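Here is a short report on one protein chain. Please keep the sequence and the model open while reading.

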Amino acid sequence: MLDGAAERSVRVATIGERLGALRLCAPETVVSVRRSLERDGQLAAVALFAVADGVEMIDGFKRLRAARDLGWEAVRAHVLDVDVVGAKLAIVQMHERTGLTEMEEAWLVRSLYRADGLSQPVIAARLRRHKSWVSRRLLVAEALDEAVQADVRLGLLAPRAGAERARWPRGNQQPAAQLVVRTGMATRQTATLVGELLACPSD
């Protein structure tokens with residue numbers, strides 16, 4: 001994906017984060033990356049793509065935010081020759097080994113479907129996934145209460161536990177999420193709770 005994209009220095013102030021809503025970036029992880037930058041410097045270049053008014057981040061959100069916290073003026077970057085759809089697809093390709101979380105996949109699919117107008121079969125083909133996979137991810141993003149998604153973004157709720165909430169009616173999701181956060185339930189415990197509540201005969 002980075003083949004042919006020469007590395008160069010890019011001013012931090014010129015880099016946008018419009019695709020940041022598709023990624024998890026809990027504050028404590030930024031702190032960890034900031035310590036790494038202070039200790040070792042920037043070991044890997046971030047990935048960007050050009051837009052009409054500058055450049056936008058594809059990969060390296062935590063490094064960018066840590067660099068901002070440290071007052072860095074510039075970071076090393078590869079600027080890819082892709083449009084916004086290509087940038088979103090690049091996110092998946094860049095994380096084929098480590099994998100995105102189910103919530104990140106859901107946000108990405110919803111963005112391609114709602115913001116970019118791609119059909120579910122086209123998304124499946126571009127991501128090299130089955131249509132049922134796309135449908136399931138879209139359902140997670142569309143069915144999950146925004147307040148619960150915010151808890152996931154803040155690191156209060158594990159991504160997998162957040163995805164489990166999408167199986168519940170919206171009215172029950174937020175109180176259940178608060179219970180999970182308050183009691184510190186693990187993901188497996190959360191899945192068990194979801195299954196047991198869904199099996200109850202009444203609301």
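## Strand S5 and its neighbours

Val10 has Val75 in S5 as its bridge partner. Next to that contact in the list of pairs comes Arg11, which stands opposite Ala74 in S5. S1 and strand S5 (residues 74-80) run antiparallel and are joined by 5 bridges. This is a predicted model.

S5 also pairs with strand S3 (residues 46-51). Here the sense is parallel, over 4 bridges. Leu48 has Val79 in S5 as its bridge partner. How much of S5 is buried? Of its 7 residues, 5 are buried, and the strand is mostly covered.

## The sheet as a whole

These strands belong to an open sheet of 5 strands. The order is S1-S5-S3-S4-S2, and the pairing is mixed. Strand S1 (7-11) and strand S2 (15-16) are the edge strands, each pairing on one side only. Strands of a sheet pair through backbone hydrogen bonds, in either a parallel or an antiparallel sense.

## Overall build

The protein chain has 10 helices and 5 strands. Its C-alpha atoms fill a box of roughly 60 × 40 × 30 Å along the principal axes. Of its 203 residues, 44% count as buried.

## The largest pocket

How much space lies in the largest pocket? The volume is about 220 Å³. The pocket is lined by 14 residues, and those closest to its centre are Val92, Gln93, Glu96, Leu127 and Arg129. Three elements are named as giving two or more residues to the lining: helix H3 (84-94), helix H4 (102-115) and helix H5 (120-127). H3 supplies the largest share, 3 residues.

By class, the lining of this pocket is mixed. It has 6 nonpolar, 3 polar and 5 charged residues.

## Charges over rings

Arg129, one of the residues closest to the pocket centre, also takes part in a contact with a ring. Its charged end sits over the ring of Trp133, 4.5 Å from the ring centre. A second contact of this kind involves Arg153 and Trp107. There the charged end of Arg153 lies 3.7 Å from the centre of the Trp107 ring. How many aromatic pairs does the structure hold? The count is 0.

## Two loop residues

Arg128 lies in the loop between H5 and helix H6 (131-143). Its phi is positive, about 60 degrees, although Arg128 is not a glycine. Most residues other than glycine have a negative phi. Is Arg128 buried or exposed? Arg128 counts as exposed because its relative accessible area is 62%, and the cut-off for exposed is over 50%.

Met185 lies in another loop, the one between helix H9 (170-183) and helix H10 (187-198). Its relative accessibility is 27%, so Met185 counts as partly exposed. That class lies between the limit for buried, under 20%, and the limit for exposed, over 50%. Met185 and Leu157 are 28 residues apart in sequence. In space, their C-alpha atoms are 9.3 Å apart.

Note on methods:
Residues numbered from 1 in each chain as written. Predicted model: local features only at pLDDT ≥ 70, side-chain atom pairs only at ≥ 80, totals over all residues. Heavy atoms only, no water. Phe/Tyr/Trp six-rings, centres within 6.5 Å; stacked < 30°, edge-to-face > 60°. Lys NZ or Arg CZ within 6 Å of the ring centre and 35° of its normal. 1 Å grid on protein atoms, 1.4 Å probe; cavity = no way out; pocket = protein on both sides within 12 Å on 5 of 7 lines; lining within 4 Å. Points joined across faces, edges and corners; volume = space filled by probe spheres on them. Nonpolar A, V, L, I, M, F, W, Y, C, P; charged D, E, K, R; others polar. Pairing = 2+ DSSP bridges. Buried < 20%, exposed > 50% of the residue type's maximum accessible area, 1.4 Å probe, protein only.
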